[in-house]
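Reader: I'd like a close look at one part of this model, a single strand and whatever surrounds it. Could you walk me through it, and then work outwards to the rest?

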Amino acid sequence: MNTGPTWHPITARDNPQLQRLRKLAQDATAYRKMGGVWLEGDHLARAALQRGLRPALALITDAAANDESLRALADQAMKVLVVSPALFKTVSGLESPAQIGFDLQLPPPLRIEPQADSVVLDRLQDAGNVGTILRSAAALGFRQVLALKGTAALWSPKVLRAGMGAHFGLRLVEGLSVSDLDGLKVPLLATSSHTDAMLHEAELPSPCAWVMGHEGQGVDDALMARCALRIGIPQPGGEESLNVASAASICLYESARRRLVRG
């Protein structure tokens, strides 16, 4: 019978377990070497649990432990560390730290699913943009996201926060080269201002992979050459370009809308 995790009060700042969490919380790529990800706050914690994931460790403040719902959340971990709010703040990467966090085992590396509706991220730098795109992809039925080398680390704390739990419903593959996309057997589509094919008029294949390029440089030339279609987004307001996360949401929505119309 499962009697729940053991709870351990921690008071030392240099506790090895806290040092591990501090590294995961404050170093964007630490998860790649350490095999775990830091989920701060009850929203991300609940999102992971809803997908059937069980964290190795929960960190909770002694004040939060008096909250019945947060205590129940911490009890889903295999082990619980209880710290003061001041000590929790030394771990957190946030200006206003949450009162609970999980150390979750990093999912195993995945291969490209050849026929999946996908989003390809080409060297996107901004963690907020990447997380927002992941959130849109999950909401609109694009279950695979492929990140080329140079893209913000997909499991970094900032991308996790921006993704708002979307990570746990997606197939994520990162560190790819352009040639690795040979494993993707669906047409690549890219947005471009140098085209006559506009989004509302173009024939959009399904399944497909939307390519989203670097915030300043756009899609790499070698990758653009692989794209079956270059599609423009109408901008009657006259702006020169859209934020890449906004453009992605528009394109993914249009693909999803066409699927719904076709039934």
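**Strand E7 and its surroundings**

Author: Let's start with E7, which is mostly covered: 5 of its 5 residues are buried. Keep in mind that this is a predicted model. Side chains in a regular strand tend to switch between the two faces of the sheet as you go along. In E7, Gln144, Leu146 and Leu148 point one way, while Val145 and Ala147 point the other way, and all of them are buried.

Now for the neighbour. Strand E6 (residues 118-122) is joined to E7 by 4 bridges, and the two run parallel. Across that pairing, Val120 stands opposite Leu146 in E7, and Leu121 stands opposite Ala147 in E7. E6 has 5 of its 5 residues buried, so the rest of the structure largely encloses it. Both faces are covered here too: Ser118, Val120 and Asp122 are buried on one side, and Val119 and Leu121 are buried on the other.

Zooming out a little, E7 and E6 sit in an open sheet of 6 strands, with the order E8-E7-E6-E10-E9-E11 and parallel pairing. At the edges are E8 and strand E11 (229-231), each of which pairs on one side only. On average, neighbouring strands of this sheet are turned by 25° against each other, ignoring direction.

What lies across these strands? Helix H6 (residues 127-139) lies across E6, E7 and E8, and runs at about 170° to E6. Helix H9 (residues 244-262) also packs on the sheet, where it touches E6, strand E9 (188-191) and strand E10 (209-213). The direction of H9 makes about 170° with that of E10.

Just past E7 there's a ring pair worth a look. The rings of Trp155 and Phe168 have centres 6.2 Å apart and planes at 45°, so this pair counts as tilted. It links distant parts of the chain, 13 residues apart: Trp155 is in the loop between strand E7 (144-148) and helix H7 (157-163), and Phe168 is in the loop between H7 and strand E8 (171-176). Trp155 and Phe168 are both buried.

As for the nonpolar packing, nonpolar side chains tend to be buried together in soluble globular proteins. In this model the largest nonpolar core has 71 residues, and Leu121 and Trp210 touch the most other members. So the Leu121 that stands opposite Ala147 in E7 turns up again here, as one of the two residues of that core with the most contacts to other members. Apart from that core lies another one of 17 residues, among them Ile112, Leu188, Ala209 and Val219.

Further out, there's a second sheet to compare. It is an open one in which 5 strands take the order E1-E4-E3-E5-E2, with mixed pairing. Strand E1 (6-9) and strand E2 (36-40) stand at its edges with a single partner strand each, so one side of each has no neighbour in the sheet. From one strand to the next, the twist averages 20°. E1 is joined to strand E4 (residues 79-83) by 4 bridges, and these strands run parallel. The bridge partner of His8 in E4 is Leu81.

This sheet has its helices as well. Helix H1 (residues 16-26) packs on it and touches E2, strand E3 (57-61), E4 and strand E5 (100-105), with its direction at about 80° to that of E2. Helix H3 (residues 42-50) lies across E2 and E5 and runs at about 35° to E5.

Back to rings for a moment: a search of the whole structure finds 2 aromatic pairs. Besides the one near the start of this tour, Trp38 and Phe88 form a tilted pair, 6.1 Å centre to centre with 50° between the planes. Here Trp38 is in strand E2 and Phe88 is in helix H5 (residues 85-91), 50 residues apart. Trp38 and Phe88 are buried. One last contact of a ring: Arg71 lies over the face of Trp7, at 4.1 Å from the ring centre.

Terms used. Residues numbered from 1 in each chain as written. Predicted model: local features only at pLDDT ≥ 70, side-chain atom pairs only at ≥ 80, totals over all residues. Heavy atoms only, no water. Pairing = 2+ DSSP bridges. Axes fitted to C-alpha atoms, helices over the stretch in contact; angles between N-to-C directions. Contact = heavy atoms within 4.5 Å. Core = buried A, V, L, I, M, F, W, Y, C linked by side-chain atoms within 4.5 Å. Buried < 20%, exposed > 50% of the residue type's maximum accessible area, 1.4 Å probe, protein only. Phe/Tyr/Trp six-rings, centres within 6.5 Å; stacked < 30°, edge-to-face > 60°. Lys NZ or Arg CZ within 6 Å of the ring centre and 35° of its normal.
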